[in-house]
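Colleague: I am new to this structure. Can you walk me through it?

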Amino acid sequence: MSLSTAIPTTTSSGASSGAPDENDPWLLNTLATAVPGTIGVVIIVFNLIGNFGNFNVIAATWRSKNLQSKHGWLLVILCSEHSLCLLFEFINVYFALSGVQITRRSCLLYLSPYIFISFLQSTTFIALAIDVLLSFTVVSRYQKWQTTGYCSVMAFSPCILPIAFLTRLWSQVSDEIIFLCNPPLSMDAKAVNIWGGLITSINITILLIYGYVYFYSHQTKKRTSDSKMAEKIMRSLTILVMVFCFSWVTCMGMVFLVDYFTENPIIIMLVRSYAVIFAAISYSQTFYVYYIRSEMYRKEFKKQMCCEKADAATGGSVIRIVSRSTNI
């Protein structure tokens with residue numbers, strides 16, 4: 001597929017056609033030409049980086065009882081979802097680099113599982129936020145809940161949301177040729193707005209929950225003498241939220257907001273194509289954030305990678321109560 005047949009433009013009827021507008025600036029056409037190669041390299045690199053990290057989180061939790069808390073197993077679910085998302089991005093790489101034309105209907109067929117899992121990983125972020133909140137606010141009750149049932153309900157009960165959304169997608173899908181096969185380009189304009197609105201609402205909810213956790217931990221710090229524990233937890237949460245905001249929130253902001261600022265189809269295509277860079281960062285971040293911020297996880301990662309000898313007392317000096325429950 002040549003670039004001239006891949007870049008969308010707008011006809012007088014408002015539909016996308018196959019040839020680029022000759023009046024578009026040179027920069028836009030240059031960026032459009034660079035999309036396939038750039039996205040291909042980004043996805044391959046982040047599959048190596050991200051899947052290495054996600055595998056280490058999953059394996060460390062499986063091997064170490066110290067990490068097998070509610071928070072730890074939710075993290076395993078999140079890392080599993082992230083690895084699947086990264087692997088599904090290879091569909092995008094194939095069509096970007098091969099030059100094979102694809103219709104929106106065919107792309108949606110390939111990406112329906114990816115869209116489903118992408119929705120679930122967003123709700124798993126909420127589950128992790130709620131888990132931290134509960135571990136702060138209802139400690140005794142939280143510790144009594146059975147881990148398997150708790151994690152299953154928290155991570156998989158929102159399945160109805162992506163199922164309903166996919167039903168809406170398939171009811172309106174067209175056979176239009178699209179530039180790349182990625183989730184936002186596989187959807188019609190209204191579906192992108194629905195998707196972006198739902199994910200943005202989830203992201204705002206996560207930030208509000210973490211904001212309340214900051215407030216609650218600050219109040220706890222004032223009421224107790226254990227300020228060191230409160231400061232440690234707040235610093236860890238700050239890093240997690242900062243990386244989350246930079247990656248996933250930025251990605252969804254680009255996808256959802258671009259058509260509010262421009263009607264140029266090439267700019268919209270470019271922004272939604274390059275947004276995958278921030279999605280890939282989000283799918284790859286967990287291992288690296290926890291390696292830096294969590295002493296317990298860092299010790300297990302080092303043992304797993306043969307950098308540190310096994311220590312029967314691992315975790316003995318780790319801060320107790322909330323930090324023990326959440327592994328932060």
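The questions below cover helix packing, a covered helix, database spans and salt bridges.

Colleague: Before we start, what kind of model is this?
Modeller: Keep one thing in mind for every value here. This is a predicted model.

Colleague: How are H2 and H3 oriented to each other?
Modeller: Helix H2 covers residues 70-98 and helix H3 covers residues 104-137. Their axes lie 9 Å apart, at an angle of about 155 degrees. Angles over 145 degrees count as roughly antiparallel. H2 and H3 are therefore roughly antiparallel.

Colleague: What is the handedness of the H2 and H3 crossing, and how many nonpolar residues does the contact have?
Modeller: The crossing of H2 and H3 is left-handed. Their contact includes 5 polar and 4 charged residues. The nonpolar residues in this contact number 19.

Colleague: Is helix H9 mostly covered or mostly uncovered, and how many of its residues are buried?
Modeller: Helix H9 runs over residues 265-274 and is mostly covered. Among its buried residues are Pro265, Met269, Arg272 and Tyr274. Of the 10 residues in H9, the number buried is 8.

Colleague: What percentage of the UniProt span 266-292 is helix in this model?
Modeller: An unreviewed UniProt entry lists residues 266-292 as a "transmembrane region". In the model, the end C-alpha atoms of that span lie 39 Å apart. Strand makes up 0% of residues 266-292, and helix makes up 93%.

Colleague: And how far apart are the end C-alpha atoms of residues 115-138?
Modeller: The UniProt entry gives residues 115-138 the "transmembrane region" feature too. The span is 96% helix and 0% strand. Its end C-alpha atoms are separated by 34 Å.

Colleague: Which parts does the salt bridge between Asp188 and Arg168 tie together?
Modeller: The whole structure has 5 salt bridges. In one of them, Asp188 and Arg168 meet at 3.1 Å, N to O. Asp188 sits in the loop between strand S4 and helix H7, and Arg168 sits in helix H6, so the pair ties together parts 20 residues apart in sequence: that loop and H6.

Colleague: Is Asp188 buried or exposed?
Modeller: Its relative accessibility is 19%. The cut-off for buried is under 20%. Asp188 therefore counts as buried.

Colleague: Which helix holds both the Glu295–Lys299 pair and the Glu300–Lys303 pair?
Modeller: Glu295 and Lys299 form a salt bridge at 3.4 Å, and they lie 4 residues apart. Glu300 and Lys303 form another at 3.3 Å, and both are buried. Each pair is separated by about one helical turn. The helix is H12.

Definitions and conventions:
Residues numbered from 1 in each chain as written. Predicted model: local features only at pLDDT ≥ 70, side-chain atom pairs only at ≥ 80, totals over all residues. Heavy atoms only, no water. Axes fitted to C-alpha atoms, helices over the stretch in contact; angles between N-to-C directions. Helix = DSSP H or I, 4+ residues; strand = E, 2+ residues; numbered from the N terminus. Parallel < 35°, antiparallel > 145°, perpendicular 65-115°, else oblique. Left-handed = near helix turned anticlockwise from the far one by under 90°. Nonpolar A, V, L, I, M, F, W, Y, C, P; charged D, E, K, R; others polar. Buried < 20%, exposed > 50% of the residue type's maximum accessible area, 1.4 Å probe, protein only. UniProt positions renumbered as here; feature names shortened; annotations may be inferred. Salt bridge = Lys/Arg side-chain N within 4 Å of Asp/Glu carboxyl O.
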